Number of protein chains: 2
Amino acid sequence: MKRNTWQREAVRTALTGTEGFVSAQVLHSHLRDTGSSIGLATVYRALASLEETGEVDALQQDGESLYRACTQGTHHHHLICRNCGTTVEISADPVEQWARQVAAEHGFTQANHVVDVFGLCAACTALAAAGGQVAEPGRVT
Amino acid sequence: MKRNTWQREAVRTALTGTEGFVSAQVLHSHLRDTGSSIGLATVYRALASLEETGEVDALQQDGESLYRACTQGTHHHHLICRNCGTTVEISADPVEQWARQVAAEHGFTQANHVVDVFGLCAACTALAAAGGQVAEPGRVT
DNA sequence: TGCTAAACGATAATCATTGTCAAAAAGGGT
DNA sequence: ACCCTTTTTGACAATGATTATCGTTTAGCA
Ligand SMILES: [Zn+2]
Ligand SMILES: [Zn+2]
Ligand SMILES: [Zn+2]
Ligand SMILES: [Zn+2]
């Protein structure tokens, strides 16, 4: 059976206390900085496990996995500031339907989808307008 | 200025002759198998360059970048068989609008989006039904 | 045909992630 | 509380994709 360790709980808590998406490495650093002695491999394992149970959401950016403890228990997507990481959870029923339909139309089954919107949040937009340095837009896929 | 080398052309050609998305490594193998002496680093460079110019599309799966020479010159998305790689290019105006609106509603600017649909194509669905082994559905993001 | 900056290619380096395995500890039963 | 079995941990090695290096090659041009 699955056991409850303080390590798993520490990861859960650390993630809940983080606004945006974070990498395993960064989360591990935060944990260490706050005095935890948790190992890096354990953070990876905990995140993978929490993702499986659906407790946390994951996405890939620049070839690395980022995790976030979302408040919505149901399926949803994300609007993410590519500069500061601020994340908004968004429902997208029209997109859900569209995805289902497009797959069906072409005879595809067991369809799932990856849908994320990246941009500059209001704050970072203002910052950029004031001459601040912000991340470049990535490629649209 | 940007130069035209047979290496870049070889990558372009190899990619055009490939139906689905392929990794740099796999493309390099194909090229070598067909007698080319092109180097791996060069394949990576050519793909990155071709992606910049918009000649090829890229997406990330399982932490690796996959590339494809798409026929549509305009912005579009993909329906991809997670088992055999068969890819269908799809226009998604409703999704484009939705993405724009959702970003605007939350004060986000310079928005772009990642939208991909994965599934099992008709052929692979039949194969699976016949007891064949196919890839598992990944996590939905 | 020469020049020069861009492109190559072999290989070393990087970096996130996973595998290994002995030691630690959670859970359940006594 | 104690013991036993099995899971989980953590330090570290290994992997695998991608990038950096750097001396050599070559495209584009006068
Ligand atoms: Zn921001
Ligand atoms: Zn969805
Ligand atoms: Zn298929
Ligand atoms: Zn689009």
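This tour goes through a predicted model, stop by stop, with a selection to make at each one.

**Stop 1: the two protein chains**

Begin with chain A and chain B, and colour the residues of each that touch the other. The contact draws 48 residues from chain A and 47 residues from chain B. Together the two chains bury about 4,200 Å², with 61% of that area on carbon and sulfur atoms. Looking for salt bridges across this interface gives a count of 0. Polar contacts are there, however: 14 residue pairs, both members at pLDDT 80 or more, link chain A and chain B in this way.

Now hide chain B and keep the side of chain A that touches it. The elements that each supply at least two residues to this side are α3, β2 (57-61), β4 (77-81), β5 (87-90), α4 (93-105), β6 (109-120) and α5 (122-129) of chain A. The largest share, 12 residues, comes from β6(A). Sorted by class, this side of chain A has 24 nonpolar, 18 polar and 6 charged residues.

**Stop 2: the strand pair across the interface**

Bring chain B back and select residues 109-120 in both chains. How do β6(A) and β6 of chain B pair, parallel or antiparallel? The pairing is antiparallel and runs over 9 bridges. Two positions serve as landmarks along it. A:Asn112 stands opposite B:Phe118 in β6(B), and A:Phe118 stands opposite B:Asn112 in β6(B).

Stay on B:Phe118 and add strand β4 (residues 77-81) of chain B. This strand pairs with β6(B) in the parallel sense, over 4 bridges. Within that pairing, B:Ile80 stands opposite B:Phe118. B:Phe118 therefore makes a convenient centre for the view, with A:Asn112 opposite it in one pairing and B:Ile80 opposite it in another.**Stop 3: a sheet in chain B**

Next, select β1, β2 and β3 of chain B. They form an open sheet of 3 strands in the order β1-β3-β2, with antiparallel pairing. Its edge strands are β1 (22-23) and β2 (57-61) of chain B, each of which pairs on one side only. β1(B) and β3(B) pair over 2 bridges. To find the place, show B:Val22, which stands opposite B:Tyr67 in β3(B).

**Stop 4: DNA strand C**

Show DNA strand C and the protein residues around it. There are 20 of them, and the closest are A:Arg3, A:Tyr44, B:Thr5, B:Thr42 and B:Arg45. Of the strand C atoms that come within 4 Å of the protein, sugar and phosphate account for 66%.

Three side chains of chain B are worth displaying as sticks. An N or O atom in the side chain of B:Thr5 is 2.5 Å from a phosphate oxygen of strand C. For B:Gln7, the partner is a sugar or linking oxygen, at 2.8 Å. B:Thr42 again has a phosphate oxygen as partner, at 2.5 Å.

Zoom out to the elements that give two or more residues to this surface: α3 and β3 (64-68) of chain A, together with α1 (6-16) and α3 of chain B. The largest share, 3 residues, comes from α3(A). By class, the surface near strand C has 4 nonpolar, 8 polar and 8 charged residues.

**Stop 5: DNA strand D**

Switch to DNA strand D. Of the 20 residues around it, A:Arg3, A:Thr42, A:Arg45, B:Tyr44 and B:Ser65 come nearest. Among the strand D atoms within 4 Å of the protein, 66% belong to sugar or phosphate and the rest to bases.

Which part of strand D lies 2.6 Å from an N or O atom in the side chain of A:Arg3? It is a base oxygen. Show A:Thr5 next, where an N or O atom of the side chain is 2.9 Å from a phosphate oxygen of strand D. In chain B, a polar side-chain atom of B:Tyr44 lies 2.7 Å from a phosphate oxygen of strand D.

The elements to colour here are α3 (40-52) of chain A, and α3 (40-52) and β3 (64-68) of chain B, each of which supplies at least two residues of the surface. By class, this surface has 5 nonpolar, 8 polar and 7 charged residues.

**Stop 6: a salt bridge in chain A**

Over all chains, the structure holds 8 salt bridges. For one of them, select A:Arg12 and A:Glu55, whose side chains meet at 2.7 Å, N to O. A:Arg12 lies in helix α1 (residues 6-16) of chain A and A:Glu55 in the loop between α3 and β2 of chain A, so the pair ties together parts that are 43 residues apart in sequence.

Methods:
Residues are numbered from 1 along each chain as its sequence is written. Chains are lettered from A and ligands numbered from 1 in the order in which they are written. This is a predicted model: local features need pLDDT of at least 70, side-chain atom pairs count only at pLDDT 80 or more; totals for chains, interfaces and linings use all residues. Side-chain values use heavy atoms; hydrogens and water are left out. A residue is near a molecule or strand if one of its heavy atoms lies within 4 Å of it. A polar contact is a pair of N or O atoms within 3.5 Å; within protein, one must be able to donate a hydrogen and the other to accept it, and residues adjacent in sequence count only if both atoms are side-chain atoms. Ala, Val, Leu, Ile, Met, Phe, Trp, Tyr, Cys and Pro count as nonpolar, Asp, Glu, Lys and Arg as charged, and the others, Gly among them, as polar. Contact means heavy atoms within 4.5 Å. Buried area is the accessible area (1.4 Å probe) that two parts lose on being put together, summed over both. A salt bridge is a side-chain nitrogen of Lys or Arg within 4 Å of a carboxyl oxygen of Asp or Glu. Two strands pair if DSSP finds at least two bridges between them.
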